[in-house]
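Please open the structure in a viewer and keep the selection tool at hand. The tour below moves from stop to stop, stating at each one what to select and what is found there.

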Amino acid sequence: MPSIQLPPEDRRLSPGTGWTRQHWEAVADGLLAAVQPFAGPGHALINLPGPRPSFSGTRSDGLEGFARTFLLAAFRVAGAGGDDPHGLLPRYAEGLAAGTRTPTSERDLTEGDQVSWLAIADRNQAMVEAASIALALRLTRPWLWDRLDEQTRERTRAWLAGALHHAPVDNNWWLFPFTVGGFLAEAGLDHDGAARAAVARGLAKIEQWYLGEGWYTDGRPRAFDHYNGWAFHLYPVLHAHLSGEDDLLNTYGARLAAHLDSYARTFGADGAPMHQGRSLTYRFAAAAPLWAGALSGHTPLAPGVTRRLASGTLRYFLDRGASEPDGLLSLGWFGPYPPMIQSYSGPASPYWASKGFLGLLLPPDHPVWTEPEEMTPAEHGDAVHPLPRPGWLIQSTAADGLVRLHNHGSDDQPADEVLADDPLYARLGYSTATGPVHDGPADNHFGLVVDGELSERGRIRPLGAGDGWAASAHQPRIGGTELPGVTVTSLVLAAGTHEIHVHLVTGAAPGTEVRHGGWAVAGDTVETWTDGGRAGATADAGGVRLTSALRCVEGLTDTAAIRRLPSGTAFGAVGALPVLTGRTGSGTSRFIADVRLSRSASRRFDGPHVRTEGSTIHVLWPDGSEHEALLDPDRPTAHRKD
């Protein structure tokens, strides 16, 4: 990692990662040093190099560079009790003074103005960045805000107050004026009551999206992703902690603890967070809710588990080149990967990862820093854990440390229309070692083929999740239109490394082709194989292998095939996925596939035995346990028989 000088590993204190608080401080210092050469006049805007600007424009992107790195600097300085040996805060104080002097609605930088901040307006990016700036000011208030001259304070207050009087996007964005309001109220700057009103309004808005058991949906009916942790839980809990409001902390802290109980299960043993949902370029921001639990005292995790997960995810990305070659975080997962990047992201967007350094607010003598690392949930043994609220089934295997997420409830579809499937939300499965295909054949997908075009899931209707199973239904769509009268009901049964996927198709014309794509694997090289109704691909990335395999059990009787991936995935430039095909019969048609994702390169299918009796599916797993499932199109049920 260029420009980042790391201390020696400490495998006694941190047997899993070797990293300690000193490593976190060193990484923070390195990341901040790397962006410094790109600060503009007056340090008001930090315009980082990149392949393209965001759709908000270059001025907005420069503000993003200032705000998100300011938050990292705030965690670093506040966590050190105000000690600032690198002179971070004076630079950001200078930027506040310069940027707020003449805010503008001009989205892009001009030759005559390389300094002014973008004015906050309805649903513009400046509102998002105002939250980071407000939180950074709140954390560093004794060493920065209280030392600013009166004119700079007033101009900054006026600029921030714009967030209180403009409309956010109707989702987690309500927490941005909430965060601004929290700072202004605490600093005694709530002159018209708008700051406290924004705090109350933000909490009221997100309440409508809380579904219980620690899970929020992000504005849309079923939009579940990392924003649960790094937004919905983080901002309210941090506000309650900083303001000392015990009632708020008890409410939102309890929700955070419930979330962490399941969220901790989604990290791979190698530190990888789940590759699902938008804004994945924020990378180790995934550690933020872990630290928030420890900071607030509302966590089910032991201190050593918290640090093991957080340090694991930070090291996971840095060891794989996320800041290479110049010390800057790129738009991608490991290195740059444009297909996974949303249009709202610009060159500085990855620095939302600064939230992952929240743990620096915990003092050096806190148990989260002093107790030895402990094993993560994925390392304790094979497990399959249902999450009924988002409609997920989390499957982990201790031998290879992989975690898989079977998706039967998240689609990110708006309430008033159905959009094209987003590969980051609509797939049947996600994992800590695979990424979805963005511009090639659909992985982890079951669809019908009509006139050569593969159907999409569209809106997903969850039908339940329980002990080792999850199910959903959807009306398949092609070209934005539902196939008339057609329904697909899907069920997954999981145990160990094994998955059995069952799909019922009703209402389709006899002879309609169906296609089932498996896990997409990618790396430096890929070996593939087919054998009748079986197919597989093994990717090799730096000597680490990952195998995806499919076997026909019922209905998918056509020859198995391998599809190559023109742009690989976020995990490698060379990729492939196995595919099975079949055809519908008259009436209801059933299709069953044996699916596997593992670190083994074996081509053998020595896994579950499946037999059917009418609508009942019996699965005998290799460990001797059984699942029995009834795949009724309206009320599928399953239970495990040990």
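**Stop 1: strand β4 and its partners**

Select Thr397 and then Leu402, which is its bridge partner in β5. The model is a predicted one. Now extend the selection to the whole of strand β5, residues 402-407, which pairs with β4 in the antiparallel sense over 6 bridges. These two strands form a hairpin with 4 residues between them. In the turn, select Gly401, whose phi is positive, at about 70°.

Turn next to the pairing of β4 with β3. β3 and β4 also run antiparallel, and 5 bridges join them. Select Ala383 to see that it stands opposite Ser396 in β4. This hairpin, too, has 4 residues between its strands, and Gly391 takes a positive phi near 80° there.

Is β4 mostly covered or mostly open? Select residues 392-397: the strand is mostly covered, with 6 of its 6 residues buried. Trp392, Ile394 and Ser396 point one way from β4. Leu393, Gln395 and Thr397 point the other way, and the residues on both sides are buried.

**Stop 2: the largest cavity**

Keep Trp392 selected and add Leu405; both belong to the lining of the largest cavity. The other lining residues are Trp215, Asp225, His226, His259, Tyr263, Thr266, Met274 and Gln276. This cavity has a volume of about 90 Å³. A search of the whole structure finds 4 cavities of 30 Å³ or more.

**Stop 3: salt bridges**

Side chains of opposite charge can pair when their charged atoms come close. In the whole structure, 29 salt bridges are found.

Begin with Asp400 and Arg404, which form a salt bridge with their closest N and O atoms 3.9 Å apart. Arg404 is buried, at 0% relative accessibility.

Next, select Arg308 and Glu379. Their salt bridge has its closest N and O atoms 3.3 Å apart. Arg308 lies in helix α11 and Glu379 in the loop between α12 (367-370) and β3 (383-387), so this pair ties together parts of the chain that are 71 residues apart in sequence. Which of the two descriptions, buried or partly exposed, applies to Arg308? Arg308 has a relative accessible area of 6% and is therefore buried, the limit being under 20%. Glu379 counts as partly exposed, at 25% relative accessibility.

Then select Glu9 and Arg315, whose side chains meet in a salt bridge of 2.7 Å from N to O. The pair links distant parts of the chain, 306 residues apart: Glu9 is in the segment before α1 (21-35), and Arg315 is in helix α11 (residues 303-318). Glu9 is partly exposed, with a relative accessible area of 40%, whereas Arg315 is buried, at 19%. Add Arg11 and Asp319 to the selection: salt bridges that share partners join Glu9, Arg11, Arg315 and Asp319 into one network.

**Stop 4: the nonpolar cores**

Select Ile133, Leu160 and Phe357. These residues have the most contacts inside the largest nonpolar core, which has 134 residues. Centre the view on Leu160. Neighbours within four places in sequence aside, the contacts of Leu160 include Ile120, Ala130, Ile133 and Ala134. Leu137, Val180, Phe183 and Leu184 are also in contact with Leu160. Another core, of 29 residues, lies apart from the largest one; among its members are Val486, Val488, Ala539 and Val595.

**Stop 5: the largest pocket**

Which residues lie nearest the centre of the largest pocket? Select Val169, Asn171, Trp173, Arg278 and Tyr344, which hold that position among the 31 lining residues. About 640 Å³ of space lies in this pocket. Helices may then be coloured to follow the lining: α2 (58-79) and α4 (125-139) each supply at least two residues to it.

**Stop 6: a last hairpin**

Finally, select strand β25 (residues 626-630) and strand β26 (residues 637-641), which run antiparallel and are joined by 5 bridges. His627 has Arg640 in β26 as its bridge partner. How many residues does the hairpin use to join β25 to β26? The connection from β25 to β26 runs through 6 residues.

Notes. Residues are numbered from 1 along each chain as its sequence is written. Side-chain values use heavy atoms; hydrogens and water are left out. A salt bridge is a side-chain nitrogen of Lys or Arg within 4 Å of a carboxyl oxygen of Asp or Glu. Buried means under 20% relative accessible area, exposed over 50%, partly exposed in between (1.4 Å probe, protein chains only). A nonpolar core is a set of buried Ala, Val, Leu, Ile, Met, Phe, Trp, Tyr and Cys residues joined through side-chain atoms within 4.5 Å. Contact means heavy atoms within 4.5 Å. Two strands pair if DSSP finds at least two bridges between them. On a 1 Å grid over the protein atoms alone, a cavity is a set of points where a 1.4 Å probe fits but cannot get out, and a pocket is an open set with protein on both sides within 12 Å along at least five of seven lines; lining residues have an atom within 4 Å of a point. Grid points are joined across faces, edges and corners, and a volume is the space filled by probe spheres set on the points.
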